[in-house]
Structure formats: structure tokens, C-alpha cells
Amino acid sequence: MISISITDVKSFMSHLLSRDTFDLFCLMEASVRKDVTYHIDGHLNADFFDSDFTEHGGRAYCLWREVRPYLFAVLKGKKLPLSCKIILALPPASVAFLLKESNGPFRKEDIEGIYLNILYEPSGLTITTGISYRTFSLDKSLEHNVDDHMKKFLRDRGIS
């Protein structure tokens with residue numbers, strides 16, 4: 001797990017809200033404190049959709065690209081929010097890739113999810129990586145691999 005302080009908040013928010021940089025991530029939840037607090041739960045409500053739910057590939061959570069316009073509408077305005085917290089999860093294909101590449105003892109059944117926690121406060125913006133395991137292990141190979149890939153992901157997009 002790493003914590004990265006983002007120095008160029010405006011550029012990062014542009015990537016987050018106006019570009020496709022994070023579009024394939026799943027939204028777990030988002031919370032924005034402005035004049036009121038807005039909370040978005042990223043769970044898809046299967047009952048809302050027609051009986052053919054295959055368009056969502058059986059996903060439990062919405063993709064960031066599906067909710068990004070709504071969050072942008074909430075965040076835009078003359079005043080900055082008091083705080084904003086967004087939890088994104090890596091898509092299953094990325095989790096499988098990282099598991100294979102880390103050469104550790106973990107299988108996909110051992111991992112609940114790999115997360116990117118984004119926290120904006122007036123004092124700054126911080127990104128924290130995290131892994132939710134279904135089993136206990138002292139092996140940190142997957143965490144190191146995730147952290148290295150996240151640093152590269154941000155660096156390759158000019159986010160610092």
C-alpha cells in the first residue's frame with residue numbers, strides 16, 4: 001500500500017472527470033461534501049435493468065465512465081468542495097494480470113479487490129492503493145507489484 005500526494009490537483013481532476021484515464025475502473029463509492037453531502041453507491045441494481053443484464057457483463061459495480069458525468073455535475077461550480085472521497089476498484093482483467101505477474105501464492109479467489117482511494121481535502125489530494133484479501137498472508141509481493149504498476153500508470157499519464 002502506498003500513499004501519493006498529488007501536487008497538480010487541477011491536472012489530476014481533469015484526468016479523473018474529463019478524460020477516459022480511469023474509465024475502466026469500477027466505482028465502489030463516492031462522497032462529495034459541498035453545501036450538502038452527496039453519496040453515490042457504485043452497486044448496480046440488477047432489478048432496474050431489463051431481464052437481459054448481459055450488457056453489464058454480470059458486474060456488481062458500475063464503471064467509472066458510467067457515473068463520471070454525474071460526479072462532474074456535482075463537483076463543478078465556483079466553490080471547491082469541502083471534501084471528496086472516491087473509491088475505485090481495478091477491473092477483474094487487471095487484477096488477473098497483476099496476480100499472474102507478481103508470481104506470488106495468491107489466486108483470484110484470494111482477492112476481494114484492488115482499490116484506488118482518492119481523497120480531496122482543501123489541504124491537498126492523496127491517492128492510496130489498497131488490497132482486500134479474503135485470506136491472511138504475510139506475502140507482500142502482490143502489494144509491491146500493485147504499487148509499482150500504479151506509480152507507472154500515473155507517471156505515464158503525467159499525473160504527479
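In what order do the 6 strands of the open sheet lie? I looked this up first in the model, which is predicted. The order is β1-β6-β5-β4-β2-β3, and the pairing is antiparallel. I noted the edge strands next: β1 (3-6) and β3 (37-41) each pair on one side only. On average, neighbouring strands of this sheet are turned by 15 degrees against each other, direction ignored.

**Entry: the strand pairs around β5**

I took β4 and β5 to begin with. Strand β4 covers residues 83-89 and strand β5 covers residues 111-121. They run antiparallel and are joined by 6 bridges. I picked out one bridge: isoleucine 86 has isoleucine 118 of β5 as its partner.

Then I went to β5 and β6. These two strands also run antiparallel, and 10 bridges join them. Isoleucine 118 turned up again here, with isoleucine 127 as its bridge partner in β6. I traced the chain from β5 to β6 and found a hairpin, with 2 residues making the connection.

**Entry: helices on the sheet**

Which strands does helix α1 lie across? I listed β1, β4, β5 and β6 (124-133) for this helix, which spans residues 9-18. Helix α1 runs at about 50 degrees to β6. I then turned to helix α4, residues 141-156, which packs on the sheet and touches β1, β5 and β6. The direction of α4 makes about 145 degrees with that of β6.

I checked which residues of α1 are buried, and Phe12, Met13, His15, Leu16 and Leu17 are. Their cover includes β1, β4, β5 and β6, and also helix α2.

**Entry: α1 against α2**

That sent me to α2, residues 64-75. I read two values for this pair, since two packed helices are described by the angle between their axes and the distance between the axes. The axes of α1 and α2 come within 8 Å and cross at roughly 125 degrees. The two helices are therefore oblique to each other.

I wrote down who makes the contact. From α1 come Met13, Leu16, Leu17 and Ser18. From α2 come Trp64, Arg68, Leu71, Phe72 and Leu75. Sorted by kind, the residues of this contact are 7 nonpolar, 1 polar and 1 charged. Among them, Met13, Leu16 and Leu17 were already on my list of buried residues in α1.

**Entry: serine 83**

Is serine 83 buried or exposed? I located it in strand β4. Its relative accessible area is 14%, and under 20% counts as buried, so serine 83 is buried. I looked for what touches serine 83, leaving aside its neighbours within four places in sequence. The contacts are Ser31, Val32, Arg33, Tyr120 and Glu121.

**Entry: cysteines**

How many disulfides are there? I found a count of 0. For a disulfide, the two cysteine sulfur atoms have to be within 2.5 Å. Cysteine 26 is in no disulfide, and the nearest cysteine sulfur, that of cysteine 62, is 7.8 Å away. I also noted that cysteine 26 is buried, with a relative accessible area of 9%.

Why is cysteine 84 not bonded to cysteine 62? Its sulfur is 14 Å from the closest cysteine sulfur, which is in cysteine 62, and that is too far for a bond. Cysteine 84 is buried as well, with a relative accessible area of 4%.

Technical notes. Residues are numbered from 1 along each chain as its sequence is written. This is a predicted model: local features need pLDDT of at least 70, side-chain atom pairs count only at pLDDT 80 or more; totals for chains, interfaces and linings use all residues. Side-chain values use heavy atoms; hydrogens and water are left out. Two strands pair if DSSP finds at least two bridges between them. Helices (H or I, at least four residues) and strands (E, at least two) are DSSP runs, numbered from the N terminus. Axes are lines fitted to C-alpha atoms, for helices over the stretch in contact, and angles run from 0 to 180 degrees between N-to-C directions. Contact means heavy atoms within 4.5 Å. Angles under 35 degrees count as roughly parallel, over 145 as roughly antiparallel, 65 to 115 as roughly perpendicular and the rest as oblique. Ala, Val, Leu, Ile, Met, Phe, Trp, Tyr, Cys and Pro count as nonpolar, Asp, Glu, Lys and Arg as charged, and the others, Gly among them, as polar. Buried means under 20% relative accessible area, exposed over 50%, partly exposed in between (1.4 Å probe, protein chains only).
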